[in-house]
Amino acid sequence: MLMKLLNIAFFGLVLGAAPLAAAEPSATAVEMWRNAGCGCCGKWASHLEANGFKVTIREPGSEKLQQIKKLAGIAEKLESCHTAKIGG
């Protein structure tokens, strides 16, 4: 009986892990908009690239950046100096 429970638990873990692997992003392209000259934005992009993402950086100007944030549905209190889109 104990072996049967262990087998069920083992296969449950193996099968349960499959959705986690499938949840990884298939597209690793990142499009990032940032304020020109911001130091942390470049560091964030470098961090993403070090972890397998390909980052395209755009500097649209502050007015256009605000429009991008609004279109993305980012609440004003959650805004930062950069905004990114990953996989659509």
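Author: A helix here is a DSSP run of at least four residues, numbered from the N terminus. One example is H3, in this predicted model. Glycine 73 follows H3. The phi of glycine 73 is positive, near 80°.

Reader: Which residue follows H2, and what is its phi?

Author: Glycine 52 follows H2. Its phi is positive too, near 95°.

Reader: Let me step back. How many helices and strands does the chain have?

Author: There are three helices and three strands. Read from the N terminus, they go α-β-α-β-α-β.

Reader: How do I read a sheet?

Author: Strands pair through backbone hydrogen bonds, parallel or antiparallel. Now the case here. Three strands form an open sheet, in the order E2-E1-E3. The pairing is mixed. E2 and E3 are the edge strands, since each pairs on one side only. From one strand to the next, the twist averages 20°.

Reader: Do E1 and E3 run parallel or antiparallel, and how many bridges join them?

Author: They run antiparallel, joined by five bridges. Take arginine 34 as a sample: its bridge partner in E3 is histidine 82.

Reader: Which helix packs on this sheet?

Author: H2 does, and it touches E1, E2 and E3. The directions of H2 and E1 make an angle of about 175°.

Reader: How can I check the length of H2?

Author: Use the rise of 1.5 Å a residue. H2 has twelve residues, 39-50, so it should span 16 Å. The C-alpha atoms at its ends lie 17 Å apart, which agrees.

Reader: Which residues of H2 are buried?

Author: First, the cut-off: buried means under 20% relative accessible area, and exposed means over 50%. In H2, Cys41, Ala45 and Leu48 are buried. Around the axis they cover an arc of only 60°, so they sit on the same side of H2. The other side of H2 has Lys43 and Ala50, which are exposed.

Reader: What covers the buried residues of H2?

Author: The cover includes all three strands named here: E1 (29-34), E2 (54-58) and E3 (82-86).

Reader: Now H3. Which of its residues are buried?

Author: H3 spans residues 62-71, and Leu65, Ile68 and Lys69 are buried there. Their arc around the axis is only 100°, so they too share the same side of the helix. Glu63, Lys70 and Leu71 are exposed, on the face turned away from that buried side.

Reader: What do the buried residues of H3 pack against?

Author: They pack against E1 and E3.

Reader: Let me try one residue. Where is threonine 83 found?

Author: Threonine 83 is in strand E3.

Reader: Is threonine 83 buried or exposed?

Author: Compare its value with the cut-off. Its relative accessible area is 7%, so threonine 83 is buried.

Reader: Which residues does threonine 83 touch?

Author: Leave out residues up to four places away in sequence. Then threonine 83 touches Glu31, Met32, Trp33, Lys69 and Ile74. With lysine 69 there is also a side-chain polar contact, of 2.6 Å.

Reader: What about the chain as a whole? How much of it is buried?

Author: The chain has 88 residues, and 17% of them are buried.

Reader: And how do I read contacts along the sequence?

Author: Look at how far apart the partners are. Take the contacts with a separation of 6 or more. Of these, 68% link residues 24 or more positions apart.

Conventions. Residues are numbered from 1 along each chain as its sequence is written. This is a predicted model: local features need pLDDT of at least 70, side-chain atom pairs count only at pLDDT 80 or more; totals for chains, interfaces and linings use all residues. Side-chain values use heavy atoms; hydrogens and water are left out. Helices (H or I, at least four residues) and strands (E, at least two) are DSSP runs, numbered from the N terminus. The expected span of a helix is 1.5 Å times one less than its number of residues. Buried means under 20% relative accessible area, exposed over 50%, partly exposed in between (1.4 Å probe, protein chains only). The arc is that of the directions from the helix axis to the C-beta atoms. Contact means heavy atoms within 4.5 Å. A polar contact is a pair of N or O atoms within 3.5 Å; within protein, one must be able to donate a hydrogen and the other to accept it, and residues adjacent in sequence count only if both atoms are side-chain atoms. Two strands pair if DSSP finds at least two bridges between them. Axes are lines fitted to C-alpha atoms, for helices over the stretch in contact, and angles run from 0 to 180 degrees between N-to-C directions.
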